[in-house]
Amino acid sequence: MRFSGNITGCGGWRFCGLWRSVFAALLVLMVCAPLALAQDAPAEQAPAARKRGAPAVKPTPKPGEVVPMDAPVRLEQASPAPAAKAAARKHGGKGVAPMGALRTPSKGGPITIGALLPLTGSLASQGQSSKAALELAVTDINALLAADGSTDRMSLVVEDTGSTGPKALEAAKTLAAAGIRLVVGPYSDNEVDGVLDFANANGMMLLSQGSAGPYLSKPGDNLFRFSPSDAYQAEALAVLANQEGCSTLITIWAGDMYGDELVTHIKGQFANLGGQVVPGTRFRPDEANLGKYVADLKAQIDKQVKDKKQLGIVVAARGAQTAQILKDAAKLGGLGDVKWYGCDDSALRGNMIQDPEVAKFAAQVRIAFARFGETGTLLYSSLEKRIEEKINAFADTQSLVAYDIAWLATYVAQFASDDATVLRKAIPNLAERFYGTTGWLALNENGDRREGYSFDFWTISHTEGKYYWVKTARYQNDPGSMKQLILNGPEGKEGK
């Protein structure tokens with residue numbers, strides 16, 4: 001039962017006619033949410049301590065008002081169905097089980113899904129986190145299949161993209177040669193850009209856990225993206241800077257697809273809020289010496305900004321680049337009196353906290369890094385803990401998205417033919433009704449995640465010489481509710 005481009009017609013493991021329609025209808029009505037039977041992850045985890053900050057509630061702020069949080073925002077979970085509970089118990093209490101069992105129309109066989117992950121190169125840490133999450137998904141899905149009496153099994157074929165578009169393309173060709181049509185990834189915009197034309201021409205569906213650049217948001221292609229658009233991250237950053245009293249914003253960013261698009265939207269969002277934007281500094285993504293760019297940034301500030309207390313600096317770069325920028329800024333002097341903001345690729349990264357010089361300056365300026373928001377469910381914290389135990393590092397948020405995609409792809413493989421036209425319709429139809437670890441996976445007309453794009457802001461604090469991460473704010477956007485900026489209470493100020 002290999003899910004590949006070599007299977008045609010209606011036979012083998014597929015339903016035909018009425019029965020296929022009946023089972024498809026039943027799947028639509030299912031609540032496809034894996035539920036965890038586990039405890040919350042501890043506050044401190046390797047490689048450095050992390051504190052979630054004070055609990056939070058949903059206040060009703062006045063326009064322009066920053067409201068402190070008092071109690072946690074939590075998504076309520078339904079009770080698992082008896083069969084799901086039994087499956088989880090059988091799996092030692094660590095697994096997960098959706099409320100509807102994975103049922104297949106055949107007497108058994110493999111469901112093969114591919115993954116394009118950056119296991120080497122600049123995004124290797126993110127790729128390793130996604131790989132660990134996908135391995136857990138395979139274990140959990142197959143445990144549920146076994147508990148449900150099915151002989152079907154899901155397997156995963158992983159190819160390394162090397163964090164680049166050209167290598168991602170070669171990896172995609174390898175998967176295509178094996179007949180694989182459903183693929184988790186690629187992770188980044190650059191990788192997706194290198195693969196998308198090939199995927200469109202060869203009927204390969206790309207279900208990306210990390211790509212978020214607005215440039216790639218187009219209808220009718222074979223790309224489906226399950227992380228919120230960078231336009232939303234830009235909105236969250238601009239709102240936080242505005243609410244914290246910044247009237248002027250300046251940016252320093254890597255000149256690649258990620259940095260260019262993110263900064264364009266940040267500048268636009270901040271200007272829409274009435275703020276002034278200083279041009280800022282763009283550097284080549286392969287630039288080793290960032291000191292001269294930081295010096296140029298300071299020169300622009302000294303020349304064009306009168307009140308530094310109302311200035312915000314946004315760094316849109318990869319983790320290692322952001323760490324170097326902060327280190328160079330600390331040496332220059334005069335940049336410790338402004339507010340700093342960072343982007344998702346640098347949040348909870350070890351290079352932000354392992355170098356004492358970087359961590360000290362980051363804590364001093366209280367730089368706030370945006371990160372795709374946690375759902376607050378038991379399932380989320382349980383899965384996060386399991387991933388972190390495998391990689392001995394903080395779990396990348398997008399790795400939990402990858403876990404959700406694996407479940408969704410398994411359902412798609414079971415209930416749709418491998419015809420590209422059928423798959424292109426089946427993926428958004430099933431995603432519309434699928435609630436996973438990271439929330440609803442519903443997609444818009446361009447195949448991008450449509451709802452639930454909240455962002456958490458993480459800062460670095462210190463106590464007795466030890467640096468750790470603290471969640472200090474949340475830009476919340478739940479379906480059907482008002483967008484809110486919520487600040488944490490006193491715990492978010494520890495170590496200051």
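Let me start with what I mean by a bend: at a given residue, the bend is the angle between two fitted axes, one through the seven residues ending there and one through the seven starting there. With that in hand, here is the helix I want to talk about today, in what is a predicted model. Helix H5 has a kink of about 40°, centred on Val 195.

So how far apart are the ends of H5? Its end C-alpha atoms sit 19 Å from each other. H5 runs over residues 189-201, which is 13 residues, and at 1.5 Å a residue they should span 18 Å, so the two values agree.

Now, which residues of H5 are buried? They are Asp 189, Glu 191, Val 192, Val 195, Leu 196, Phe 198 and Ala 199. You'll notice that Val 195, where the kink is centred, is one of the buried residues. The cover over these buried residues includes three helices, H4 (165-177), H6 (230-243) and H7 (257-272), along with the strands E6 (110-117), E9 (205-208) and E10 (223-225). And just after H5 ends, Gly 203 has a positive phi of about 65°.

Let's turn to the sheet next to this helix. It is an open sheet of 5 strands, paired in parallel, and the order reads E7-E6-E8-E9-E10. Strand E7 (153-160) and E10 are the edge strands; each has a single partner strand, so one side of each has no neighbour in the sheet. From one strand to the next, the twist averages 25°.

If you'd like to look at one pairing in detail, take E6 and E7: they run parallel to each other over 8 bridges. Within that pairing, Thr 112 has Ser 155 of E7 as its bridge partner.

How does H5 meet the sheet? H5 packs on it, with contacts to E6, E9 and E10, and the direction of H5 makes about 165° with that of E9. Helix H14 (residues 420-431) packs on the sheet too, touching strand E8 (182-184), E9 and E10. For H14, the angle with the direction of E9 is about 25°.

Finally, let me step back to the chain as a whole. It has 14 helices and 20 strands. Of its 496 residues, 58% count as buried. Among contacts with a separation of 6 or more, 72% come from residues 24 or more positions apart. The chain exposes about 19,000 Å², with 53% of that supplied by carbon and sulfur atoms.

That's my tour, and I'm happy to take questions!

Terms used: Residues are numbered from 1 along each chain as its sequence is written. This is a predicted model: local features need pLDDT of at least 70, side-chain atom pairs count only at pLDDT 80 or more; totals for chains, interfaces and linings use all residues. Side-chain values use heavy atoms; hydrogens and water are left out. Helices (H or I, at least four residues) and strands (E, at least two) are DSSP runs, numbered from the N terminus. The expected span of a helix is 1.5 Å times one less than its number of residues. Buried means under 20% relative accessible area, exposed over 50%, partly exposed in between (1.4 Å probe, protein chains only). Contact means heavy atoms within 4.5 Å. Accessible areas come from the Shrake-Rupley method with a 1.4 Å probe; for residues, only the protein chains shown count as cover. Two strands pair if DSSP finds at least two bridges between them. Axes are lines fitted to C-alpha atoms, for helices over the stretch in contact, and angles run from 0 to 180 degrees between N-to-C directions.
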